[in-house]
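Reader: Please take a close look at the nonpolar core of this protein. I would like to know which residues hold the most contacts inside it, and how the core sits within the overall fold.

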Amino acid sequence: MVTTNIARSLLLGAAALWALAGSASAEESLNIYTTREPGLIKPVLDEFTKETGIKVNTIFINNGLEERVRTEGENSPADLILTVDIGRLQAAKDYGVTQPVKSEALEKVIPAAYRDPEGHWFGIALRGRVVYASKERVKQNKITYEELADPKWKGKVCIRSGQHLYNISLIAAMIAHKGEAKAEEWLKGVKANLAKKPSGGDREQAKDILAGVCDIGIGNTYYVSLMLNGKDEEQKKWGEAINVILPTFEGGGTHVNVSGLALAKHAPNKANAMKFMEYMVSDASQQIHAELNSEYPVKAGSKIHPTIASFGELKADNVPIAEIAKLRKKASELVDKVGFDQ
């Protein structure tokens, strides 16, 4: 059943779909459906077009991308799905709107932990789920995810909704490390330490730390860079109020998630899509992506954004992203079971 939002999205996008279908021949065009703001990826797209002569058309779909492609079926003009978080990438696979890809270029650059074992999606950049700590009130510079449930943080933790896809992946990673029972106990402990009801986005957690509402918050690494280097002076103050601590699991590393892409099931321009997928792991593309989005490049040896590098060396956890994806449903059930967002 198509929801009201999806129906509206289809209606508003009808003209754009026709434009995509007739904009250029298959030899010279590429159609990308993306949840990423077009401005964030435009420089990469422009460089790709400059190098290959292939025109890139983008359709920005903030919510319901997978449903959109499935509803369009065989007539979908989508060649590629470009999105963030393993939740959305796995959803695209589960909805049956992707097809497997076999590429030596992709497999050589992207570690197995950051791509689908069956080749349905590939991570092209990483972001850490980390701790934002008050510069004034938190003196320690190391912490484990398990420690977030320590009673010493009672009334001092801020976080967005537990059901948000970023947190679901973190909780799923905890299940992978500790098992469901211990992960539930941990989640109850984190809930007991909350300074307020989960709300807002990751940037708002830094805002609340500055305001003294809490001492530590949970957020993605790239938000801090965007706050510190953006034009919004108020957000810059939020970023300046915190230190970023790269937490680790006991016996593990820092939880990371991915930005990634997948080849659409009925891609009309498959050859061009493959060229783009492989271009995204090139030195030039990885560098542009890192500079624009403040994410960690997936390609070893690539330069990291200076602000992100200032957080210290990232020692990423070794649980494969695909394994985390399998545990997301259990993680979501735990959030409801403990009443985390209530």
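**The nonpolar core and its setting**

Author: The model is predicted. Its largest nonpolar core has 105 residues. Inside this core, the residues with the most contacts are Leu 30, Leu 148, Phe 276 and Met 277. Among the secondary-structure elements, helix H6, which covers residues 165-178, gives the most to the core, with 9 residues.

Met 277 can be followed one step further. Leaving aside residues up to four places away in sequence, Met 277 touches Leu 80, Val 101 and Leu 106, along with Phe 122, Leu 261 and Leu 263.

Contacts of this kind can be set against the whole chain. Of the contacts in the protein with a separation of 6 or more, 80% are accounted for by residues 24 or more positions apart. Buried residues make up 55% of the 342 residues. The fold around the core has 15 helices and 9 strands.

The overall dimensions come next. For 342 residues, a compact globule would have a radius of gyration near 20 Å, and the protein has 20 Å, so the two agree. Along the principal axes, the C-alpha trace spans about 60 × 40 × 35 Å.

That leaves the outside. The protein exposes about 15100 Å², and carbon and sulfur atoms supply 51% of this area. As for charge, there are 44 positive and 43 negative charges, and their mean positions are 3 Å apart.

How values were computed
Residues are numbered from 1 along each chain as its sequence is written. This is a predicted model: local features need pLDDT of at least 70, side-chain atom pairs count only at pLDDT 80 or more; totals for chains, interfaces and linings use all residues. Side-chain values use heavy atoms; hydrogens and water are left out. Helices (H or I, at least four residues) and strands (E, at least two) are DSSP runs, numbered from the N terminus. The radius of gyration is taken over C-alpha atoms; the globule rule is 2.2 Å times the number of residues to the power 0.38. Buried means under 20% relative accessible area, exposed over 50%, partly exposed in between (1.4 Å probe, protein chains only). Contact means heavy atoms within 4.5 Å. Accessible areas come from the Shrake-Rupley method with a 1.4 Å probe; for residues, only the protein chains shown count as cover. Lys and Arg count as positive and Asp and Glu as negative; His and the chain ends are not counted. The place of a charge is taken as NZ of Lys, CZ of Arg, CG of Asp or CD of Glu. A nonpolar core is a set of buried Ala, Val, Leu, Ile, Met, Phe, Trp, Tyr and Cys residues joined through side-chain atoms within 4.5 Å.
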